[in-house]
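Grab a viewer and a pencil, and work through the exercises below. Each one has a worked solution right after it.

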Amino acid sequence: MPIKYDKLFTLMKEKGLTTYKIRKDNIISQGALTSLRAGKSVTIETIEKLCTVLDCQPGDILEYIPKEKDN
């Protein structure tokens, strides 16, 4: 998948948002959290909720890594 969420977990750590708090406060589903950890796709609603709670823009939590072209 060409989308990476490493920036999300870094920002969460900086802002003190733990995965426990995400689950406890039902910010996003456990399935969405698992997908983020695995680098899989999530809904735009999930990205919106995370941006709201972290007070950031989508580019602050995800990064597009283009695939290398085959020659």
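**Exercise 1.** In which loop does Asn26 lie?

Step 1: Asn26 lies in the loop between α2 and α3; helices (H or I, at least four residues) and strands (E, at least two) are DSSP runs, numbered from the N terminus. Before going on, note that this is a predicted model, where local features need pLDDT of at least 70, side-chain atom pairs count only at pLDDT 80 or more, and totals for chains, interfaces and linings use all residues. Residues are numbered from 1 along each chain as its sequence is written, and side-chain values use heavy atoms, with hydrogens and water left out.

Step 2: Check the backbone. Asn26 has a positive phi of about 55°, although it is not a glycine.

Step 3: Check the accessibility. Asn26 counts as exposed, at 60% relative accessibility; buried means under 20% relative accessible area, exposed over 50%, and partly exposed in between (1.4 Å probe, protein chains only).

**Exercise 2.** Find which residues come just after α1, α3 and α4 with a positive phi.

Step 1: After α1 comes Gly16, with a positive phi near 75°.

Step 2: Just after α3, Gly39 has a positive phi of about 75°.

Step 3: α4 is followed by Asp55, with a positive phi near 55°. Asp55 is not a glycine, sits in the loop between α4 and β2 (63-64) and is exposed, with a relative accessible area of 67%.

**Exercise 3.** Work out which residues of α4 are buried, and where they sit around the axis.

Step 1: List them. Thr46, Ile47, Leu50, Cys51 and Leu54 are buried in α4.

Step 2: Place them. They cover an arc of only 135° around the axis, so they are on the same side of α4; the arc is that of the directions from the helix axis to the C-beta atoms. An α-helix has 3.6 residues a turn, so residues three or four places apart point the same way.

Step 3: Look at the other side of α4, where Ile44, Glu48 and Thr52 are exposed.

Step 4: Find the partners. The buried residues of α4 pack against α1, α2 (19-24) and α3, with contact meaning heavy atoms within 4.5 Å.

**Exercise 4.** Do the analysis again for α1.

Step 1: Leu8, Leu11 and Met12 are buried in α1. They fall within an arc of 105° seen down the axis, so they line one face of the helix.

Step 2: Turned away from that buried side, the face of α1 carries exposed Asp6, Lys13 and Glu14.

Step 3: The cover over the buried residues of α1 includes α2, α3 and α4.

**Exercise 5.** Which elements give two or more residues to the largest nonpolar core?

Step 1: Define it. A nonpolar core is a set of buried Ala, Val, Leu, Ile, Met, Phe, Trp, Tyr and Cys residues joined through side-chain atoms within 4.5 Å.

Step 2: Pick the hubs. The largest core has 18 residues, and Leu8, Ile22, Ile28, Leu50, Leu54 and Ile61 touch the most other members.

Step 3: Assign the elements. Those giving two or more residues are α1 (6-15), α3 (30-38) and α4 (44-54), and α4 gives the most, with four.

Step 4: Zoom in on one hub. Leaving aside neighbours within four places in sequence, Leu50 is in contact with Leu8, Ile22, Ile28, Leu36 and Ile61.
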